[in-house]
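Dear colleague,

Please find the structure below, handed over for your consideration. A short account of what was found in it follows.

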Amino acid sequence: MARIVVAGAGATGASVAYHLALLGARDVVLCDRGQVASGSTGRAMGGVRQQFSTAAEVALAQASIRFFEELGEPLFEQVGYLFLATTEQGLADLVERAELQRSLGVPVERVDPAAVPGLAVGDVRGAVICRTDGVADPAGVTREVVRRAVELGVELRAGSDARELSWETLVIACGPWSGELGETVGVDLPIRPLCRQLVDTAPVAGVPERLPMVVELETGFHFRRTPTGGLRLAMGEREPRWGWRTAVDATLVADWLARLARRFPAAAGVGVARSWAGLYDMTPDAHPILGRLAENVYAACGFSGHGFMQSPAVGRALAEEILHGGSALDLSPYRPDRFGGDVAFPETLVL
Ligand SMILES: Cc1cc2nc3c(=O)[nH]c(=O)nc-3n(C[C@H](O)[C@H](O)[C@H](O)COP(=O)(O)OP(=O)(O)OC[C@H]3O[C@@H](n4cnc5c(N)ncnc54)[C@H](O)[C@@H]3O)c2cc1C
């Protein structure tokens, strides 16, 4: 097949290009108008989990985790994802979800959270963990995937806008900016940018080397260990910040530090090492848009905050679809045409 241009060298585009080359495509260009991982990928938390609540999402996550396992440390640390419930209803939800996940082959187990050194669990009614989930370095993983792609013959063009290149097949993997490129080829992608932020604390004494990602089910507050022994904090926001503006909200930072001090008391009074904001590429149902958009034009975008962890499976599936007309993974829940008629975005999103 002649020239395939993959637009966007974030986690998604890198994986699509790599898998195209692995499957034997010979004329693949991976372009980015910025640099590799300079979009949302370079701003992500790095959480990689299989604990989703629908079979389709679980399948994407399971197929991806095998790739992360193969990459191994330090790019991927399989420390697990621990969900804490502080209410009876929350615990019932966790248990019900865990049953579904186990039926799909995800090894989720009940666990005593007091076993995690330093965690305050006096208010916790119950917890589950999946030990094969973990945390990764999104920019590092993406650079490694690009390195492998280039080794297989993919041409990398950083600083190059897809709108200025000629192509016979185009893959739109431009994250929040995908709609712009879609417009130039006559397709309307229902993707809206949503600002989200992260906070890295200074090192905290006593943070376990293998701390799992800790997620409070009811509040959505979650944190992981950073490579320097601090904690990286995140939380869904009560008032979604729609739009292109990325800014750190200091009020949220103060609130998260207070939450951290309650959940991990050794972190009380710790300073902030770094805080930053980035964009989620939201679709109306918070699921990605994958597959054929028009003649020789494909989409891999709209990941709504969980695209890094899905990128290995998505890249493989898109490459199979482009080269062979179909993929082993069922992409039917993610087709672009599912948004018929007027598309309404939800007022609030549980992320
Ligand atoms: C604060 C935050 C925390 C997150 N945490 C997680 C997490 O824990 N786990 C997880 O899985 N996901 C997480 N995400 C989501 C994740 O970052 C994204 O879903 C994922 O990185 C998407 O990768 P991408 O390659 O699709 O897009 P991006 O990384 O945004 O890459 C798109 C690229 O396209 C380029 N581009 C744009 N227009 C053009 C053009 N016309 N021509 C050429 N190039 C173009 C841009 O320069 C950019 O580099 C988080 C996101 C944020 C903002």
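**The ligand shell**

In this predicted model, the residues of the shell around the ligand comprise 18 nonpolar, 16 polar and six charged. The ligand is surrounded by 40 residues, of which Gly 8, Gly 10, Gly 39, Gly 175 and Gly 307 come nearest. At least two residues of the shell are supplied by each of helix 1 (11–22), strand 2 (28–32), strand 11 (192–201), strand 16 (272–282) and helix 7.

**The two domains**

The protein is divided into domain 1 (1–77 + 134–190 + 284–338) and domain 2 (81–131 + 192–282). Both domains give residues to the shell around the ligand, so the ligand lies between them. Their C-alpha centres are 26 Å apart. To the contact between the domains, domain 1 contributes 21 residues and domain 2 contributes 23 residues. On the side of domain 1 that touches domain 2, helix 2 provides the largest share, three residues. That side of domain 1 has eight nonpolar, eleven polar and two charged residues.

**Helix 2 and helix 7**

Helix 2 (residues 55–71) also packs with helix 7 (residues 307–324), at an angle of about 90° and with the axes 7 Å apart. The two helices are therefore roughly perpendicular to each other. Helix 2 makes the contact through Leu 60, Ala 61, Ala 63, Ser 64, Phe 67 and Phe 68, and helix 7 through Met 309, Gln 310, Ser 311, Pro 312, Ala 313 and Val 314. By class, the residues of this contact of helix 2 with helix 7 are nine nonpolar, three polar and no charged.

With kind regards

Key
Residues are numbered from 1 along each chain as its sequence is written. This is a predicted model: local features need pLDDT of at least 70, side-chain atom pairs count only at pLDDT 80 or more; totals for chains, interfaces and linings use all residues. Axes are lines fitted to C-alpha atoms, for helices over the stretch in contact, and angles run from 0 to 180 degrees between N-to-C directions. Helices (H or I, at least four residues) and strands (E, at least two) are DSSP runs, numbered from the N terminus. Angles under 35 degrees count as roughly parallel, over 145 as roughly antiparallel, 65 to 115 as roughly perpendicular and the rest as oblique. Two residues are in contact if their C-beta atoms, placed from the backbone, lie within 7 Å. Ala, Val, Leu, Ile, Met, Phe, Trp, Tyr, Cys and Pro count as nonpolar, Asp, Glu, Lys and Arg as charged, and the others, Gly among them, as polar. A residue is near a molecule or strand if its C-beta atom, placed from the backbone, lies within 6 Å of it. Domain bounds come from an automatic or database domain assignment.
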